[in-house]
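Work through the exercises below with the sequence and the 3D structure at hand. Try each task before reading its solution.

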Amino acid sequence: MSLKLSILGLPGAGKGTQADKLSETYGIPHISMGDILRNNKEFETESGETVGEIIDAGNPVTAKTCATLLSTRLDEPDCADGFVLDGFPRFQEQAEIMDDVTGIDAILLIKVDEDNILERLTKRRICPDCDASYHLKFDPPEQDEICDNCGTELVQREDDTAEKIEERISWQRDGIEEVLTYFDGDEDTPVEVVNGNPPISEVWNNVQEVVEKHVN
Ligand SMILES: [Zn+2]
């Protein structure tokens with residue numbers, strides 16, 4: 001069997017969770033471009049700077065470098081039966097790369113209402129002391145806002161305020177639109193849309209149903 005998927009969705013859509021389930025069920029690796037870049041900080045790019053230097057300066061890594069690193073990763077033996085790419089491509093330029101280097105079977109878009117995303121992400125809390133993570137609605141601590149492990153008062157990640165989340169949603173939504181436009185009408189790379197609003201188990205059932213059609 002072989003399955004090459006790309007999974008897209010806004011922050012908080014649950015794509016990481018679904019990607020993990022796909023990885024486990026089909027025995028294919030869950031690959032994220034962010035991890036690839038973090039694992040290749042020493043890689044020297046065409047400009048002479050390393051990937052690490054570019055990231056540390058807050059600049060985007062070029063499409064060419066992403067293509068090189070991605071194709072190297074996908075050539076590793078664990079990708080022999082396919083993979084699930086998480087959060088890639090994010091923009092049109094990356095969609096072109098993906099088209100060139102991966103030969104993907106389908107794109108899976110997990111679509112969640114933006115109100116729902118705000119609720120999911122603004123209720124995330126972490127323990128500043130032991131790094132435990134909670135969700136005030138889905139995975140609350142026993143005592144409100146207090147860490148179960150160590151009794152420390154929980155905090156919100158700086159990135160998880162409503163304002164920051166809206167910023168992230170806005171640029172990622174534009175990117176997803178670009179990617180969908182790029183693949184629109186491309187019969188070799190069909191886009192499957194799954195409603196990500198219901199509970200995780202229901203989303204998972206729907207994901208499996210559409211993904212089954214693309215297993216070779
Ligand atoms: Zn703690």
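The exercises that follow concern a predicted model.

**Exercise 1.** Find the order of the strands in the open sheet, and decide which strands stand at the edges.

*Solution.* The open sheet is formed by 5 strands, and their order is E2-E3-E1-E4-E7. Their pairing is parallel. In general, strands of a sheet pair through backbone hydrogen bonds, either parallel or antiparallel. Next, look for strands with a single partner: these are strand E2 (30-32) and strand E7 (191-195), so each has one side without a neighbour in the sheet. Neighbouring strands of the sheet are turned against each other by 25 degrees on average, if direction is ignored.

**Exercise 2.** Describe how E2 is joined to E3.

*Solution.* Strand E3 covers residues 82-86, and 3 bridges join E2 to it. The two strands run parallel. For one pair of facing residues, take Ile-31, which stands opposite Leu-85 in E3.

**Exercise 3.** Is Ser-6 buried or exposed, and which residues is Ser-6 in contact with, beyond its neighbours within four places in sequence?

*Solution.* First locate the residue: Ser-6 belongs to strand E1, residues 3-9. Then count: 26 C-beta neighbours lie inside 10 Å of Ser-6. A residue is buried if the count is 20 or more, so Ser-6 is buried. Leaving aside the neighbours within four places in sequence, Ser-6 is in contact with Leu-85, Phe-88, Met-98, Ile-104 and Ile-107. Take Met-98 from that list: Ser-6 and Met-98 are 92 residues apart in sequence, yet their C-alpha atoms are 9.3 Å apart in space.

**Exercise 4.** Which strands do helices H1 and H8 lie across?

*Solution.* Helix H1 (residues 15-26) lies across E1, E2, E3 and strand E4 (106-111). The angle of H1 to E1 is about 165 degrees. Helix H8 (residues 200-212) lies across E1, E4 and E7, and runs at about 160 degrees to E7.

**Exercise 5.** Where do Asp-131 and Glu-145 lie, and what is the sign of phi in Asp-131 and in Glu-145?

*Solution.* Recall that most residues other than glycine have a negative phi. Asp-131 has a positive phi, near 70 degrees. Its place is the loop between strand E5 (124-126) and strand E6 (133-135). Asp-131 has 9 other C-beta atoms within 10 Å, so it is exposed. Glu-145 also has a positive phi, about 65 degrees, and lies in the loop between E6 and helix H7 (162-183). With 13 C-beta neighbours inside 10 Å, Glu-145 is partly exposed.

Key
Residues numbered from 1 in each chain as written. Predicted model: local features only at pLDDT ≥ 70, side-chain atom pairs only at ≥ 80, totals over all residues. Helix = DSSP H or I, 4+ residues; strand = E, 2+ residues; numbered from the N terminus. Buried ≥ 20, exposed ≤ 12 C-beta atoms within 10 Å, placed from the backbone. Contact = placed C-beta atoms within 7 Å. Pairing = 2+ DSSP bridges. Axes fitted to C-alpha atoms, helices over the stretch in contact; angles between N-to-C directions.
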